[in-house]
Amino acid sequence: QAPLVESGGGSVQAGGSLKLSCAASGATGRYSCMAWFRQVPGKERERVVSIDKGGRTVYADSVKGRFTISKDNAKNTLYLQINSLKPEDTAVYYCASANSVVGCTALLFTFWGQGTQVTVSS
């Protein structure tokens with residue numbers, strides 16, 4: 001049972017790029033909000049970017065201009081294009097979904113993927 005499955009992580013040098021994918025099943029990819037999070041061991045989880053049903057996006061300041069979220073509704077898949085990678089981007093990246101009338105202002109996400117590791121060396 002895996003409602004959300006991430007892939008596309010890897011090890012790259014600073015300045016490189018990666019494209020992460022999140023395959024959803026059932027209604028998990030059609031919820032009011034889909035988002036990418038990242039977390040470094042021992043540190044607070046960070047919401048990288050979210051996208052609601054209307055396609056509206058909100059990016060963390062740390063990734064603006066470098067990360068781009070997109071969604072293919074037909075394929076029920078969420079993507080995260082990451083460019084100009086920095087060592088501080090190193091983390092486990094997770095996709096998550098929330099079903100709430102408040103959309104992406106929701107504080108609780110119902111489903112989470114297993115995560116995919118992104119490692120950036122200088």
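# A walk through strands, cores and salt bridges

Start by selecting Arg 38 and Glu 46: the two form a salt bridge, with their closest N and O atoms 2.8 Å apart. A salt bridge here is a side-chain nitrogen of Lys or Arg within 4 Å of a carboxyl oxygen of Asp or Glu. Side chains of opposite charge can pair when their charged atoms come close.

Before you go on, two notes about what is on your screen. This is a predicted model, in which local features need pLDDT of at least 70 and side-chain atom pairs count only at pLDDT 80 or more, while totals for chains, interfaces and linings use all residues. Residues are numbered from 1 along each chain as its sequence is written, and side-chain values use heavy atoms, with hydrogens and water left out.

**Stop 1: around Arg 38**

Keep Arg 38 selected and add Asp 89. Their side chains also meet in a salt bridge, at 2.9 Å from N to O. This pair links distant parts of the chain: Asp 89 sits in the loop between β8 and β9, Arg 38 in strand β4, and they are 51 residues apart. The strand names come from DSSP: strands are E runs of at least two residues and helices are H or I runs of at least four, numbered from the N terminus.

Are these residues buried or exposed? Arg 38 counts as buried because its relative accessibility is 7%, and Asp 89 is buried too, at 1%. Glu 46, at 26%, counts as partly exposed. The cut-offs are under 20% relative accessible area for buried, over 50% for exposed, and partly exposed in between, with a 1.4 Å probe and protein chains only.

Now add Arg 66 to the selection. Arg 38, Glu 46, Arg 66 and Asp 89 are linked in a network of salt bridges. A search of the whole structure finds 5 salt bridges. For another one, select Lys 64 and Asp 61, whose side chains meet at 3.0 Å, N to O. Asp 61 counts as exposed, at 64% relative accessibility.

**Stop 2: Tyr 94**

From Arg 38, go to Tyr 94 in strand β9. The C-alpha atoms of Tyr 94 and Arg 38 are separated by 5.9 Å, though the two residues are 56 apart along the chain. Tyr 94 is partly exposed, with a relative accessible area of 21%. Leaving aside neighbours within four places in sequence, its contacts (heavy atoms within 4.5 Å) include Glu 6, Trp 36, Phe 37 and Trp 112.

**Stop 3: the nonpolar cores**

Next, select Trp 36, Leu 78, Leu 80 and Tyr 93. Of the 24 residues in the largest nonpolar core, these four touch the most other members. A nonpolar core is a set of buried Ala, Val, Leu, Ile, Met, Phe, Trp, Tyr and Cys residues joined through side-chain atoms within 4.5 Å. Several strands each supply at least two residues of this core, among them β4 (33-39), β8 (77-82) and β9 (91-98). Which strand gives the most? That is β3, with 4 residues. A second, separate core of 8 residues includes Cys 33, Ala 35, Cys 104 and Ala 106.

**Stop 4: a four-stranded sheet**

Switch to a cartoon view and find the open sheet of 4 strands, in the order β1-β3-β8-β7 with antiparallel pairing. Two strands pair if DSSP finds at least two bridges between them. The edge strands are β1 (4-7) and β7, and each pairs on one side only. Between β3 and β8 there are 6 bridges, and 6 also join β7 to β8. To see partners, select Leu 18 with Ile 82 of β8, then Lys 71 with Leu 78 of β8.

**Stop 5: the β7-β8 hairpin**

Finish at Asn 76, in the loop between β7 and β8. Most residues other than glycine have a negative phi, and most peptide bonds are trans. What is the phi of Asn 76? It is near 55°, a positive value in a residue other than glycine. Asn 76 counts as buried because its relative accessibility is 11%.

Next door, select Thr 77 in strand β8. A polar atom of the Thr 77 side chain lies 3.0 Å from the backbone oxygen of Lys 75. Thr 77 counts as buried, at 11% relative accessibility.

For a last look, select Ser 84 in the loop between β8 and β9. Ser 84 has a positive phi near 50°, and this residue is partly exposed, with a relative accessible area of 42%.

Conventions. A polar contact is a pair of N or O atoms within 3.5 Å; within protein, one must be able to donate a hydrogen and the other to accept it, and residues adjacent in sequence count only if both atoms are side-chain atoms.
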